[in-house]
Amino acid sequence: MADPSYPEDLLYHPEHDWARIEGEEATFGITWFAQDSLGEVVFFDPPKVGTQVAKDAPYTEIESVKAVSDVISPLSGEIVAVNDALGDSPDAINEDPYGEGWLVKVKLSDPGEQDALLDSAGYEATLD
């Protein structure tokens, strides 16, 4: 498994979720810390395309060998894509949480919300 990392091009929610913002869309996933805490991920229940998500509210669940955990939305918007590949290989969340393990893509409804998220250094400081 990879070493802990928190890429500098992402923004982080204190509940261990990340957002990669590209224009009016963002890709969401869980952080290295979150997947490491969960242990082996065995199931991802993807939300439906078209679902509205709200910042700071749960939008799906991830099941690991240890527990079922809510995934918190770092920003508000409408889901425009889900990572269907995780249905067959949810372990990608553990192996590559910032790449192949992404969860959803969201069309942002309030881009100003990103100002409340943390940069990588700010997020890492919350882990101490």
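Let's start in the loop that joins strand S5 (52-53) to strand S6 (58-64), where you will find Asp56. The model you are looking at is predicted, and in it Asp56 has a positive phi of about 75 degrees, although this residue is not a glycine. How buried or exposed is Asp56? Its relative accessible area is 47%, and Asp56 counts as partly exposed because that value falls between the 20% limit for buried and the 50% limit for exposed.

Now move back along the chain to the loop between strand S1 (11-13) and strand S2 (17-22), the place of His16. His16 is not a glycine, yet it has a positive phi of about 75 degrees.

From here, turn to helix H2, which spans residues 92-95 and contains Asn94. With a relative accessible area of 5%, Asn94 is buried, since the cut-off for that label is under 20%. Which backbone atom lies 2.8 Å from a polar atom of the Asn94 side chain? The backbone nitrogen of Val41 does. Val41 belongs to strand S4 (41-45), so by the 3.5 Å limit for polar contacts this pair links a strand residue with one in helix H2.

Finally, look at the loop between helix H1 (32-38) and strand S4 (41-45), where Glu40 sits. Glu40 is one of the residues that form a negative surface patch. Which residues join Glu40 there? The other members are Asp91, Glu95, Asp96 and Glu100. Among them, Glu95 falls within helix H2 (residues 92-95), the helix that also holds the buried Asn94.

Definitions and conventions: Residues numbered from 1 in each chain as written. Predicted model: local features only at pLDDT ≥ 70, side-chain atom pairs only at ≥ 80, totals over all residues. Heavy atoms only, no water. Patch = residues over 30% accessible without salt bridge, like charges linked within 9 Å, V, L, I, M, F, W, Y side chains within 5 Å. Areas by Shrake-Rupley, 256 points an atom, 1.4 Å probe, with all protein chains shown as cover. Salt bridge = Lys/Arg side-chain N within 4 Å of Asp/Glu carboxyl O. Lys, Arg positive; Asp, Glu negative; His and termini not counted. Charge placed at Lys NZ, Arg CZ, Asp CG, Glu CD. Helix = DSSP H or I, 4+ residues; strand = E, 2+ residues; numbered from the N terminus. Buried < 20%, exposed > 50% of the residue type's maximum accessible area, 1.4 Å probe, protein only. Polar contact = N/O pair within 3.5 Å; in protein donor to acceptor, adjacent residues only side chain to side chain.
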